[in-house]
Structure formats: C-alpha cells, structure tokens
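Colleague: I would like to learn how to read side-chain interactions in a model. Can we take them one kind at a time?

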Amino acid sequence: VEDGPALAVGDVVELDIGPVAHGGHCVARHEGRVVFVRHALPGERVFARVTEAKPGSFARADAVDVLVPSAGRVAPPCVHFEPGGCGGCDFQHASADLQLTLKATVVAEQLDRLGGIKRRVEMEALPGDGFGWRTRVRWGSDGTVVGPRVYRSAALVPVTTQAPCLIAPPGLTAAARSVTGVVGEVVLTAVDDGSVLVTPPDATPATVVETVFGREFEVAADGFWQVHPGATEALVDAVLEYLPDLTGRRGWDLYGGVGLFAAFLADAGADVDCVEADPVGVEYARRNLSAFTGSTVHAGRVERVIGGLPAPDVVVLDPPRSGAGRAVCEAIAATGPRTVVYVACDPAALGRDTATLRAAGYDLGGLRAFDAFPQTHHVECVARFDRH
Ligand SMILES: C[S@@+](CC[C@H](N)C(=O)[O-])C[C@H]1O[C@@H](n2cnc3c(N)ncnc32)[C@H](O)[C@@H]1O
C-alpha cells in the first residue's frame, strides 16, 4: 500500500514499465505510487489510462499508447483484446517466447517471495499455436449476448462469428451465438468430434468422454477438466515422472476430480484413496476407477476426510486456485509420505503451501511449469516435495 499524489480514474499518465507481476500486468510507479499496468510489457514506456485508484492503495491502469515498445511486442490478433476490453486474455501483445519468459518470471518470483525458495523456472509450451485451445468456457448470458466478461467487470464481451474468441475453437463462439433467452452462466464444451455442448444454468449436464494416453474418462460437460487439449497428458506425465516406483504403494489423490491422477497411479500399481468434494465428480470418479479394486473414492472435503485414511507412501494433490492451505499441508506432512506431488494452478498458492511443507519437513525436489493457458497469465505447475 502506497501513498502518493492523487491519481483519478481516467487520468492518462506517462509510465516506465517495470517487471511483470502475478495477475497479468506489469508494475510501474507514478511518483512513488505502485501502478499495475495491463497491455504493457517490461521495459516499455507508455501512456496509460488509470482504471482504478482507491486512496491509500495501489492504482491500476491500461496502456493506451506505447511510446517505446518492447522487442517482444506483437500485434494482438483479437479485436476484443484492448484497453477496457475482454478480461479473458492478458498477454496477446507479447510474442509466444516472451509470454513463456513472463510466466516463468512470475512463478520464480512467487516461489521466492512466498515459499522462500530461489529457483530458475523454465516454462514449457504445450502443443499448438497458442490459439483455439480453450475447449471449455463458462460465459455469461444476459438473454441476448453470451460471452466472456470485460476485465474486472460483469459486462459481457460481444463475441461474434466475425470477431470470435480466438483462444477457443471457432465452433465455440458460433455455438454461443445460438444460445438465446438464457440468463446466467452457460458452459460451452468443445468435444472431439468438433461439436459443442451447451449447458445452461440448472440443466443436467451431458457426459463427455475424454481420452488420456488411451484411457477413457467420463466427465460432466460442466465439470472440472483441464481446458487445454494437451494439458492432461503433460500433467500426468510430469506426475508419473516424479513417482517412478508405485508398485504396492499406497497413494492419495486429493482434490481428485473424476479420478485422472488416481487412475494412472492405480495403473502403475498403487492402491489409491481419491478424495473429491463435488458429488457429481465423485460419481464419475467411481465409474472411472471401477476397474481398480484396490482404490477407493471418498466423497467429502479433503480437510475432513484425510484424518480417517490409512497413511500414504505418496500423495498427489491438485487443489483449486486457493491452494490446499496450511492445515491440509500440515496434515499431509504429519502422515509422513516420502513424496508429495503438488499440481498447482496458482503459483501464489503453490508458494504459500511450499512454505508450509518446507516447515513441516519437505524439500522442493523438482518443479515443472506448463503454459497450459496461452495468451492468459495462468499456468500449471507440478512440484515434487521429498521428505528430508
Ligand atoms: C483443480 S481441480 C483438479 C481435478 C483433477 N485432479 C483433475 O486434474 O481433473 C480441483 C478439484 O478439487 C475439488 N475440490 C475443491 N475443494 C475441495 C475440497 N476442499 N476437498 C475436496 N475436493 C475439493 C473440486 O471439485 C475439483 O474437482
């Protein structure tokens, strides 16, 4: 929190742009006051319009004119990627290589600041050109427009077939245009045959079959599944690389969803306790794991369930954006698994939980980071912690 000269929403100020920060923006200072600037890149000089300026706090701004561009700047291909526009993408104005560098910097910075660990991070790209990968979206609908939201606003972005969402497959915007008279949130799911399933609010979702390394998983059309088509295999591969010897071991798959990691752990010879809170996810996980007689799906919240489970040799956890939290990390550590593999969709949560695991006797033994959400600031990390 900084004090500084008055800045008001709508002011246009000249800024020298500093490092990237977590959240899809860069840090600048205006006469001492921190300003988080979107649509800018490190090293640039820009004119930026102030979008938020609460007294006694940092301000937010949007670059509206670039005076000195970064060498990594490119023309954003989507018309909705503009100041005051769509909040779905953060980095369309950066080259693919620069996006990887920006995201690696953020992961390293969060691990250092929150987890107390200095690591060089390499961001791995997934297959594809960085567009058309978003196979699932949850978009707003006001009865006429169905689309993503404007950045930090409830307003809808009017995507059209002429100006579609470029990170989703083309058919997805077209399917959104066909939805009328629905108010609330609509889930659109692109499936392998090229069609798109529409799940309006309160509708019973269809079942989608997803294939990972030849293994089929059933999942609700609006349930949790990695949205990038290359993500599940990259993550499963990384998790198994960190857990090489599973025969006869007992494993936990916490925040297990429909049993993705549990199935591959069980296939590698482990008896798995999979814990999932969402009753629909639990139902699908039970189906997906039915062939593995040594494995069990437990319905309920991780923090309540794990106290009653037999101690594991290895743990995989893949919590939501908020992370597992101190109590769950300490409870895992107290059972003494030799390896904990943490799949993280938020590097800040990973940083915080890393600090807890380290204090409870675990070292960060390995870290991989994947650009599973190109054009956005989001990343997936897989971290291995070893008991020391
Ligand atoms: C990031 S998803 C991971 C799912 C699965 N590992 C996958 O990759 O498909 C997180 C999952 O945790 C579940 N969840 C959220 N909070 C939970 C909690 N406190 N206890 C158990 N499950 C929870 C969500 O329903 C969701 O399925």
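Modeller: We will go through salt bridges, aromatic rings, charges over rings and cysteines. Keep in mind that this is a predicted model.

Colleague: Start with charge pairs. How many salt bridges does a search of the whole structure find?

Modeller: Side chains of opposite charge can pair when their charged atoms come close. Here the search of the whole structure gives 22 salt bridges.

Colleague: Which residue forms a salt bridge with Glu 109?

Modeller: Arg 113 does, with the closest N and O atoms 3.0 Å apart. Look at the spacing in sequence. Both residues sit in helix 1 (residues 96–115), 4 residues apart, so about one helical turn separates them.

Colleague: Are Glu 109 and Arg 113 buried or exposed?

Modeller: Glu 109 is partly exposed, at 31% relative accessibility. Arg 113 is exposed, with a relative accessible area of 56%.

Colleague: That pair is within one helix. Which residue forms a salt bridge with Glu 241?

Modeller: Arg 368 is the partner, and the closest N and O atoms are 2.6 Å apart. Glu 241 belongs to helix 3 (residues 231–242), while Arg 368 belongs to strand 18 (residues 362–371), so this salt bridge ties together parts that are 127 residues apart in sequence. Glu 241 counts as partly exposed, at 46% relative accessibility.

Colleague: What about salt bridges that link up? Which residues are linked in a network?

Modeller: Glu 52, Lys 54, Arg 60 and Arg 152 are. Within that group, the side chains of Glu 52 and Lys 54 meet at 3.6 Å, N to O. Lys 54 is exposed, at 53% relative accessible area.

Colleague: Now the rings. How many aromatic pairs does a search of the whole structure find?

Modeller: The search finds 5 aromatic pairs. Read each by two values, the centre distance and the angle between planes. Phe 217 and Trp 225 are 5.7 Å apart centre to centre, with 45° between the planes, and the pair is tilted.

Colleague: Are these two rings' residues buried or exposed?

Modeller: Phe 217 is buried, at 1% relative accessibility. Trp 225 is buried as well, at 8%. Both belong to one aromatic cluster with Phe 213 and Phe 264.

Colleague: Where does Trp 225 lie in the fold?

Modeller: Trp 225 is in the loop between strand 12 (215–220) and helix 3. Its contacts beyond four places in sequence include Arg 136, Glu 210, Thr 232 and Leu 260. The C-alpha atom of Trp 225 is 7.9 Å from that of Gly 257, 32 residues apart along the chain.

Colleague: What about a charge over a ring? Which ring has the charged end of Arg 215 over it?

Modeller: That of Phe 264, with the charged end 5.9 Å from the ring centre. Another case is Arg 38, which lies over the face of Tyr 151 at 3.8 Å from the ring centre.

Colleague: Last, the cysteines. How many disulfides does the structure hold?

Modeller: A disulfide is a covalent bond between the sulfur atoms of two cysteines. This structure holds 0 disulfides.

Colleague: Why is Cys 78 not bonded to Cys 89?

Modeller: The sulfur of Cys 89 is the closest cysteine sulfur to that of Cys 78, but at 6.6 Å it is too far for a bond. Cys 78 is buried, at 9% relative accessibility. Cys 345 is in no disulfide either, and its nearest cysteine sulfur, in Cys 381, is 9.6 Å away. Cys 345 also counts as buried, at 13% relative accessibility.

Definitions and conventions:
Residues numbered from 1 in each chain as written. Predicted model: local features only at pLDDT ≥ 70, side-chain atom pairs only at ≥ 80, totals over all residues. Heavy atoms only, no water. Salt bridge = Lys/Arg side-chain N within 4 Å of Asp/Glu carboxyl O. Buried < 20%, exposed > 50% of the residue type's maximum accessible area, 1.4 Å probe, protein only. Helix = DSSP H or I, 4+ residues; strand = E, 2+ residues; numbered from the N terminus. Phe/Tyr/Trp six-rings, centres within 6.5 Å; stacked < 30°, edge-to-face > 60°. Lys NZ or Arg CZ within 6 Å of the ring centre and 35° of its normal. Contact = heavy atoms within 4.5 Å. Disulfide = S-S within 2.5 Å.
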